[in-house]
Amino acid sequence: MSSKILIIGACGQIGTELTTKLREIHGVSNVIASDINTRNLDLVNSGPFEIIDAKNYNAIKDCCQQNNVKTVYLMAALLSATGEKYPMEAWDLNMNSLFHVLNLAKKKVIDKIFWPSSIAVFGPTTPNENTPQHTICEPTTVYGITKQVGERWCEYYHNKYGVDVRSLRYPGIISHKAMPGGGTTDYAVEIYHEVLKTGKYECFLSKNTRLPMMFMEDAIKATTDLMAADAKKLTIRSGYNLSAISFTPEEIAESIKAQIPDFTISYKPDFRQAIADSWPSSIDDNVARKDWNWSHDYNLMEMTSEMLKQLKKKYNS
């Protein structure tokens, strides 16, 4: 039986599109999607799918052994804003699921792991502009703490047990397919939906809050490129800095107004403002560009054009 790929948390924002891309690359039958429920019926019906709780070690192990799974993408997590509301649940899910797949690799049940880190590993003491690969990481959110600790465990398992684990510090991810899942950068997805539904948007961050962002197509490209890279060329086993574009709510609003002049935006910062203020405004990802030739394709105007184009199809259908 040929080896398979398992995506845990496949119904999430990134998992949904990652599943589609991996099936294009490796064939539908070779990529098993899994999640804790069947909330995304399009994904569930598009190929092999299993109900798996990411916190259930035996469920993951059984799926891997029964299907000859050798590569696992662990995409299940409670994100930043949701994690602040449910801190122990975030710790439980984000950490125990990682230990499960790391231990499966340690026992040679699987060969390779992708685990997403995040810019949430950084904090207010991190250099704000062009944040370097190696820098101070003092996160102030539960989500960020889980990502920082997770990075350390990934590097430990690689150095101690030879586990082939690979990770990216994702910036905010913007997609027209899946709805956001409780992150601080979600405004940059919500704004496109609201402009087409109501013509206006009330932003939960202040207008000058600059954050690192990335169009989903670039995030998926980075993920698949990293997993295809020669292991001998990889110098980072914690989490690679990853960057594409940085912008403020005011700047994304202006890019929308260039196509929809009547759009209006207002600002009412909430608890997510403090989270955003603790994160960098731009990221230095030269190590990723050097190690595995990372490069992004979309700038802000190109992303806005594509988001509006695709969402207009959705709302006009």
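This is a conversation about a predicted model of one protein chain.

Trainee: What makes the protein chain as compact as a globular protein of its length?

Mentor: Its radius of gyration is 19 Å, and the globule rule gives 20 Å for 317 residues; the two values are close, so the chain is as compact as a globular protein of that length. Along the principal axes, the C-alpha atoms fill a box of roughly 55 × 45 × 40 Å. The secondary structure comes to 12 helices and 14 strands.

Trainee: How many of the contacts join residues far apart in sequence?

Mentor: Among contacts with a separation of 6 or more, 78% are between residues 24 or more positions apart. Burial is worth a look too: 55% of the 317 residues are buried.

Trainee: Which residues have the most contacts inside the largest nonpolar core?

Mentor: They are Tyr187, Tyr192, Phe247 and Trp292, in a core of 70 residues. Take Trp292: beyond its neighbours within four places in sequence, its contacts include Leu168, Ala222, Leu234 and Tyr240. There is also a second, separate core of 27 residues, with Ile32, Leu104, Val109 and Ile110 among them. As a general point, nonpolar side chains in soluble globular proteins tend to be buried together.

Trainee: Now for the rings. How many aromatic pairs are there in the whole structure?

Mentor: A search finds 12.

Trainee: Why is the pair of Tyr73 and Phe114 called tilted?

Mentor: The ring centres are 5.9 Å apart and the planes meet at 40°. Rings pair if their centres lie within 6.5 Å, and planes under 30 degrees apart would count as stacked, over 60 as edge-to-face. An angle of 40° fits neither, so the pair is tilted. This pair links distant parts of the chain, with Tyr73 in strand 4 and Phe114 in strand 5, 41 residues apart. Both residues are buried.

Trainee: What makes Trp292 and Trp294 a tilted pair?

Mentor: The reasoning runs along similar lines. Their centres are 6.2 Å apart, with 40° between the planes, so the distance is within 6.5 Å and the angle is neither under 30 degrees nor over 60. Trp292 and Trp294 are both buried.

Trainee: Which residues do ring pairs link into a cluster?

Mentor: Phe99, Trp153, Tyr156, Tyr157 and Tyr161.

Trainee: How do you know that the charged end of Lys106 sits over the ring of Tyr161?

Mentor: That charged end is 4.4 Å from the ring centre. The call needs a distance within 6 Å and a position within 35 degrees of the ring normal. Likewise, the charged end of Arg272 sits over the ring of Phe204, 3.5 Å from its centre.

Conventions:
Residues numbered from 1 in each chain as written. Predicted model: local features only at pLDDT ≥ 70, side-chain atom pairs only at ≥ 80, totals over all residues. Heavy atoms only, no water. Phe/Tyr/Trp six-rings, centres within 6.5 Å; stacked < 30°, edge-to-face > 60°. Helix = DSSP H or I, 4+ residues; strand = E, 2+ residues; numbered from the N terminus. Buried < 20%, exposed > 50% of the residue type's maximum accessible area, 1.4 Å probe, protein only. Rg over C-alpha atoms; globule rule 2.2 N^0.38 Å. Contact = heavy atoms within 4.5 Å. Core = buried A, V, L, I, M, F, W, Y, C linked by side-chain atoms within 4.5 Å.
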